[in-house]
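This explanation goes through one protein model a part at a time. Please keep the sequence and the structure in view while reading.

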Amino acid sequence: MATTAPTGSPLSQPSLTHPPPPRKLTTVKVLSESPGLSSIPSIYTFPKQTYHEPVSDTKEPIPTIDFSLLTSSHPDQRSKTIRELGIACRDWGFFMVTNHGVPERMMKAIIEVCREFFELPEEEKRGIGGKHVLDPIRSGTSFNESVDEILCWRDYVKIFQHPEFHSPNKPPSFREIALEYSKRVRLVAREIIRGISESLGLEKDYIDETLNLENGLQLIAANLYPPCPQPELAMGLPPHSDHGLLTLLIQNQIGGLQVQHKGKWVNIDPIPNSFLANIGDHIEILSNGKYKSVLHRAVVNNRDVRISIAVPHGPALDAIVSPASKLVEIVGNPPAYGAMKYKEYLELQQGSMLNGKSSLERIRNGV
Ligand code: OGA
Ligand code: NI
């Protein structure tokens, strides 16, 4: 697993009290639509070795969890599915979720309304939301416009859905579609997190209760990856792991997500009507490293617009996350991570460039 050495103490981060003045960047959408664009500006060019990392030709399929069995009233089916879920978390950190009960029309509707959002005139999008990671609506380009040295080939909008629901006013149907979608997805996520809790040998509701998921953070993070004339030089999103507990992702029919597995990048093409789930840094912390949040990245292409909708689910913002006491009581298994408030972790991650698992590395003990 690629890890990055810590580059300084959290205290040396410039971000919290004196954020650098925001840069005003053009969106990638506008850039990609410039007439005759045949090469990309150098600020979008990633170092060559990024692309020379091997892409796996594995035939090993990503694990699939049948959600209907996870919620089955047959104890045998449920416990078998929980075992499979534990293996998927341990070996891949990523898995497909089928039979989740979220209607296909809702999945299509959220993708389409996010597409409409990205198609709003630039002046309208620019005025929307703030720039701080705790602002309930943020829209922009790259990862963190004010610190990124190389820009990512993506535009995004991130909207808090829970514990407080927010929505941009345009497109007019956004509010209703997002509210319905995020409610349904949250139920699925909480149930999977219960399964993860059990798979770790903890009480079913341990994670839910300890991290106060009744008030847990849920966002809609919509990504737009316009066609890129030199896809081999650019990156939609560089390698990173997600904060929080569980992200559920859908996309339009266009691939681009790659997951690190056994030291290689594996192309993932989600099956229509299913979710691609991955565990986040806070499951790695809570499980004391038994389950790892896995590096993934988004590559781009020169033909199609790709849209993905990631819905991360995290602890309550004020919850302090540390390895579960039951998992560190075992002799010879000291806590591998320090305790940190979820909110502070978000600020830490947003204050640095997206750089592998650098935020998680900072709270790892004994490195
Ligand atoms: C993310 C992410 C991947 C994708 O938003 O954190 O990893 O395929 N997205 O868009
Ligand atoms: Ni991600």
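In which sense do S5 and S12 pair, and over how many bridges? The pairing of S5 with S12 is antiparallel and extends over 6 bridges. One residue pair to look for is Ala221, whose bridge partner in S12 is Ala310. The model is a predicted one, and the values below are computed from it.

S5 (218–225) has a second partner, S4 (155–162). These two strands run antiparallel and are joined by 7 bridges. Here Tyr156 has Asn223 of S5 as its bridge partner. With 8 of its 8 residues buried, S5 is largely enclosed by the rest of the structure. That holds for both faces of S5: Gln218, Ile220, Ala222 and Leu224 are buried on one side, and Leu219, Ala221, Asn223 and Tyr225 are buried on the other.

These strands belong to an open sheet of 8 strands, in the order S1-S2-S10-S7-S12-S5-S4-S3, with mixed pairing. At its edges are S1 (64–66) and S3 (137–141), each of which pairs on one side only. On average, neighbouring strands of this sheet are turned by 25 degrees against each other, direction ignored. Strands of a sheet pair through backbone hydrogen bonds, in either a parallel or an antiparallel sense.

On the other side of S12 in the strand order comes S7. S7 and S12 run antiparallel and are joined by 6 bridges, with Leu248 opposite Val311 of S12. S7 also pairs with S10, again in the antiparallel sense, over 4 bridges; in this pair Leu246 stands opposite Ile279 of S10. S7 is mostly covered, with 6 of its 6 residues buried. On one side of S7 the buried residues are Leu246, Leu248 and Ile250, and on the other they are Thr247, Leu249 and Gln251. Further along, S10 (residues 275–279) and S2 (residues 94–98) pair in the antiparallel sense over 4 bridges. The bridge partner of Met96 is Leu276 in S10.

A helix, H7, lies across several strands of this sheet, namely S2, S4, S5, S7, S10 and S12, and runs at about 130 degrees to S7. Does the length of H7 agree or disagree with its number of residues? H7 (residues 174–199) has 26 residues, which at 1.5 Å a residue should span 38 Å; the C-alpha atoms at its ends are 36 Å apart, so the two agree. After H7 comes Gly201, which has a positive phi near 80 degrees.

The model also has an open sheet of 4 strands, S6-S11-S8-S9, with antiparallel pairing. Its edge strands, S6 and S9 (264–268), each pair on one side only. Neighbouring strands in this sheet are turned by 20 degrees against each other on average, direction ignored. Within it, S8 (residues 257–261) and S11 pair in the antiparallel sense over 3 bridges, and Gln258 has Arg297 of S11 as its bridge partner.

Which residues are the protein donors of the nickel ion (ligand 2)? They are His240 (NE2), Asp242 (OD) and His296 (NE2), lying 2.1 Å from the ion. Their spacing in sequence is H-x1-D-x53-H. The pair Asp242 and His296 links distant parts of the chain, 54 residues apart: Asp242 is in the loop between S6 (237–240) and S7 (246–251), while His296 is in S11 (residues 296–298). Asp242 and His296 are both buried.

The loop between H9 (281–286) and S11 holds Ser293. Because its relative accessibility is 0%, Ser293 counts as buried. The side chain of Ser293 makes a polar contact of 2.6 Å with the side chain of Asp281.

H9 also contains Ile285. Is Ile285 buried or exposed? Its relative accessible area is 1%, so Ile285 is buried. Apart from neighbours within four places in sequence, Ile285 is in contact with Val321, Ser322, Pro323, Tyr337, Leu360 and Ile363. Ile285 and Leu249 are 36 residues apart along the chain, and their C-alpha atoms are separated by 22 Å.

Notes. Residues numbered from 1 in each chain as written. Chains lettered and ligands numbered in written order. Predicted model: local features only at pLDDT ≥ 70, side-chain atom pairs only at ≥ 80, totals over all residues. Heavy atoms only, no water. Donors = N, O, S within 2.8 Å, 3.2 Å for Na, K, Ca; no water. Buried < 20%, exposed > 50% of the residue type's maximum accessible area, 1.4 Å probe, protein only. Polar contact = N/O pair within 3.5 Å; in protein donor to acceptor, adjacent residues only side chain to side chain. Expected span 1.5 Å × (residues − 1). Pairing = 2+ DSSP bridges. Axes fitted to C-alpha atoms, helices over the stretch in contact; angles between N-to-C directions. Contact = heavy atoms within 4.5 Å.
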